[in-house]
Amino acid sequence: MKVKKIFAKQIAAETAGLLTEDKVLERIEFPKYTEQGDLAFPCFELAKVYKKNPASIAKELAAKITDPYFSEVVSEGPYVNCFLNKKRVSKEIITDIQTKQEAYGSLNIGKGEKVTIDFSSPNIAKPFSMGHLRSTVIGNAYANILEKCGYQPVRINHLGDWGTQFGKLISAYHRWGNEQEVRQDPIKELLKLYVRFHEEAEKDSKLEEEARLWFLKLEQGDERALELWQWFREVSLEEFKGIYKLLNVSFDSYNGEAFYNDKMEETIDLLKEKGLLSTPKGAEVVTLEEHDLPPCLIRKSDGATLYATRDLTAAIYRQKTYQFAKSVYVVGHEQSLHFKQVFLVLEKLGFEWANNLQHLPFGFILQNGKKMSTRKGKVVLLENVLKEAIKMAEKSIEEKNPTLQNKAQVAQDVGIGAIIFQDLKTDPQHSVEFSLEDMLRFEGATGPYVQYTHARACSILQKSNGSAEEPTDGLSDVYSWSVVKKLMDFPTKVKESYEQAKPSEIAVYLLSLCREFNKYYANCKILQEDDQQASRLALVECTAIVIKEGLRLLGIKAPHEM
Ligand code: ARG
């Protein structure tokens, strides 16, 4: 924020080198109450050094600081409080947003470097779980945020398309499978087979052995095994793609676990070469005792590779292919140990880039306080959940705005937006509560509320016949000032959401921007024809631009009308 910098620079200059501009910047606060000003600098630290009381230092400093951007600088107790020149600052912010449009808030932290982002990554032949939904939504938003910060994100769907479960599935299909049924409802039928396998395996110990052999055959390239695997993969992926289409998410790569099948030998050789492999009971592992962690399993005694083997290989492949500056994995909490192990093994292999790997964990989706599961008997099929949200949105649009054109599209944008927003407004680390009714409300902290505020801004602009295009000379009333301050904050929020890897920073920000905008709307006669009208409309236009761009970062559409 430019004005914050100016304030910091002047204070730093007055401290005769004691505090750098950056230090001062870190300490500047935003007073809670507007009566206390727009920026505040606490003098406690200086007081200690100068051995004076903080209030008198604040007083001395306040007297020295002036700038055309500041209307007043005063001391209040130990603080130097700065009031910004509302007209001047608002004019500048409005002009800046109008010039840059959706590029407002874009940063060049990444300088075009690549960041691979591994997200969604569901498992073939299994339902798309609530966890995968979270990964998809968080990962997609974070990729957008990375892009906004000047990185080039590479979106990777590391499909769970390999592993011993395919041995089980092939074995089950041979025993009880029916082609027709699988074609009709692939994931449901495949899951049934998988569940049945486990039930029967409890009674018949031969089954596990049979499955193990099938997987081995698969790894050795057996044609019959491969053919079935290929088919399971195709039909599952088709179902997943239906979900991605609804969510409006796309990937640069669908290279899943199977892709690394012919590349793992090289990884294992490398581990051997570096003397990192040990072989307790015939299995090959990398011990991590020195980190107080269980060993990382590389290969079972029967020669089968593991999840970790594939992740190690994938990381090496990604570095070679993309030369990433960073590599991010958006995967639930429960896999934290796995990623710790994988990252440590890569470090032991001597790869410097191992420091640039980052696991972004997230919590569960809860329903009535309990973990919402798509497993076993109580399968909640995600696609049905999404469609239900769209249906509910359609209903409320039907009530509120029956003459709306392209209702179906708007209902989809609102229904899907509600689900995404509900997830992203929470710190990814926390669990989120899933209630379609709550998340589809048009008031409160919901996606539809933000979308609705955007639509409201669009409708004001529509009514005004484009008078926002006239140059503004700024606004100085309290309501518009609150909106301007929020708008001024957007670039900082983008930066913070990137640094903390929290799309929630953007979501929470949008809620507060909408709240301020709606107060402005309620208290100012925006369309009143006076000499401020153009400026007021310009502020509306800027708000619409920032809400739309913020929603875009989250992966949510902003309809003009709803
Ligand atoms: N397929 C895994 C699962 O559903 C997630 C994969 C995450 N990505 C990775 N590179 N391990 O649990």
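Biologist: Hi! Which residues does F7 touch, not counting those up to four places away in sequence?
Modeller: F7 touches I28, L39, A40, F41, I65, F70, V80 and C82. Contact here means heavy atoms within 4.5 Å. This is a predicted model, where local features need pLDDT of at least 70 and side-chain atom pairs count only at pLDDT 80 or more, while totals for chains, interfaces and linings use all residues. Residues are numbered from 1 along each chain as its sequence is written, and side-chain values use heavy atoms, with hydrogens and water left out.

Biologist: Where does F7 fit in the largest nonpolar core?
Modeller: F7 and F41 are the residues with the most contacts inside that core, which has 155 residues. A nonpolar core is a set of buried Ala, Val, Leu, Ile, Met, Phe, Trp, Tyr and Cys residues joined through side-chain atoms within 4.5 Å. Buried means under 20% relative accessible area, exposed over 50%, and partly exposed in between, using a 1.4 Å probe and protein chains only. Another core, of 26 residues, lies apart from the largest one, and L277, I298, V331 and W353 are among its members.

Biologist: Nice. What share of the chain is buried?
Modeller: Of its 562 residues, 54% count as buried. In soluble globular proteins, nonpolar side chains tend to be buried together.

Biologist: New topic: how many helices and strands are there?
Modeller: The chain has 21 helices and 13 strands. These are DSSP runs numbered from the N terminus, with helices being H or I of at least four residues and strands being E of at least two.

Biologist: And where is Y254 found?
Modeller: Y254 sits in the loop between α11 (223-247) and α12 (264-273). Leaving aside neighbours within four places in sequence, Y254 is in contact with N157, L159, R233, L237, K241 and Y244.

Biologist: Why does Y254 count as partly exposed?
Modeller: Because its relative accessibility is 23%.

Biologist: Now cysteines! How many disulfides does the count come to?
Modeller: Zero. A disulfide is a pair of cysteine sulfur atoms within 2.5 Å. For C458, the nearest cysteine sulfur is that of C514, 12 Å away.

Biologist: Why is there no bond for C542?
Modeller: Because the closest cysteine sulfur, in C458, is 13 Å from the sulfur of C542, which is too far for a bond.

Biologist: Is C542 buried or exposed?
Modeller: C542 is buried, with a relative accessible area of 0%. C458 also counts as buried, at 11% relative accessibility.
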